[in-house]
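Me: Hi! Could you walk me through a few features of this protein model?

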Amino acid sequence: MKTIFAAHALLSAGLAENVRLHISENGVIDRVETGVMPAGEEVSGMSKLICPAPANLHSHAFQRAMAGMTEVRQKGKDSFWTWRELMYRFLGRLNPEQVQAIAALVYMEMLEAGYASVGEFHYLHHQADGMPYADLPEMSQRIFAAASQTGIGLTHLPVLYSYGGAGQQQLSGGQLRFGNDLERHLRLIEEASKALPSFLPTDCKVGIAPHSLRATNPEQLREIAQAFAGQPVHIHISEQMKEVEAVKEWLGARPIEWLLDNVEVGSNWCLIHATHMTTEETVAMAKAGVVAGLCPITEANLGDGIFNGPTFLEAGGVYGIGSDSNLRISLSEELRILEYSQRLRDQSRNVMLCGEGAVGTAMYQAAAKGGAQALARQTGELKEGYLADVVAIETDRVEFTGLRPDQYIDYWIFAGDDRVVTDVWSAGRHMVKDGVHIHRASIAAKYREQLAVLLEAA
């Protein structure tokens, strides 16, 4: 039995003092004690706060290697769509070994930022010309290998991408690497699911991700909803107004409106980038019980739009956060930008909370629970029977001077950064110690090696 002790812990009922977690061999919290004293545990002393480590619910791992390459203004107006063309050209060169090296770096950085698990929205399935690899789930297995090396909890979400645009347009260019009809895609998922146990522990799983309404069709979505009832289903939903208008012209309704009215969605669904919603759509989405998957750093970088936060919360909505393009991986900054975007729009403060209380702490707990729901992962709280996804932050740093314990998380989110993170466990696996991933040197070296090969071939 492994134990973790900290002077303070964020439990379901609030902040508790002198807490010990007892963790079983399968990475589950067996018992939670409060009001005890340290006895040589892995995290001990009186200067730690432990919290449930959230899930990063939306990642495109390979895009991490593009960070810093697309911030150059081109002739005309830059947009998500011009960025997408650059992304297509970049991914055309990637081979499986490079994808694995990039994903390992990304997952390492996520753990060092305080995340314990990830939902990999994985659509890079085939060779550059669209031909499948001899082993159909080759690229999925590369993601499994990266997750295994880093120890992160993985919910793998192979992306169904059948069409090049709304109205069942043909795939072209960079999209060819993504393309599957539903039959082949289900076969890919089946083969990936069979392979997963040879790479990863039992807290990891496979779901599905119909890319978007524009890349699928109504028949596929209805079949997926039926076949994957109770399993994780993620979908890009209304990231750009051009997308909203194209879907409305094709199907006669806006994306969220059409999906909720025509497909049986529920709490196992996660709607990514719900940045363009009417009030009616916002309320309906909340009441459907789906998770809103928000990626504020990427949404700001790509000029997507701003989530309708207050209305969604008032209707009882559930949300989580993800790092999407991975150009910057920061748990605290995702939450900070989410709140600040609401403040800028509404010219108000402390928006992402119904009622009174500490906004940063409330957002943190909401994102932890919402991310767990989105990944179908028994976590999001420090309680008996839940996976030991735990993050520890150092509260003896000089910047915490003068703060009460109930202000630590608010400081982390609104004034600090992820350098305060000292330790992270994923299902009891102690992967970050003293702020550094235990395999950082070898992961970073492999990334450097593979990026040099990639750039030399450019």
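Here are some questions and replies on a predicted model.

Me: What is the strand order of the open sheet of 4 strands?
Reply: Happy to start there! The pairing in this sheet is parallel. Its edge strands, each pairing on one side only, are β10 (233-238) and β13 (318-321), and the twist averages 30° from one strand to the next. The order is β10-β11-β12-β13.

Me: Which residue in β11 is the bridge partner of His236?
Reply: Look at β10 and strand β11, which covers residues 269-274. The two pair in the parallel sense over 5 bridges. In β11, the partner of His236 is Ile272.

Me: How many disulfides does a search of the whole structure find?
Reply: Cys270 makes a nice example. Its closest cysteine sulfur is in Cys295, at 8.2 Å, and a disulfide needs two sulfur atoms within 2.5 Å, so this pair is too far apart for a bond. Over the whole structure, the number found is 0.

Me: Is Cys270 buried or exposed?
Reply: Buried means under 20% relative accessible area. Cys270 has a relative accessible area of 0%, so Cys270 counts as buried.

Me: Is Asp261 buried or exposed?
Reply: Asp261 sits in helix α7, residues 255-262. The cut-off for exposed is over 50% relative accessible area. Asp261 has 60%, so the residue is exposed.

Me: What distance separates the C-alpha atoms of Asp261 and Ala284?
Reply: Along the chain, Asp261 and Ala284 are 23 residues apart. In space, their C-alpha atoms are separated by 9.7 Å.

Note on methods. Residues are numbered from 1 along each chain as its sequence is written. This is a predicted model: local features need pLDDT of at least 70, side-chain atom pairs count only at pLDDT 80 or more; totals for chains, interfaces and linings use all residues. Side-chain values use heavy atoms; hydrogens and water are left out. Two strands pair if DSSP finds at least two bridges between them. Axes are lines fitted to C-alpha atoms, for helices over the stretch in contact, and angles run from 0 to 180 degrees between N-to-C directions. Buried means under 20% relative accessible area, exposed over 50%, partly exposed in between (1.4 Å probe, protein chains only).
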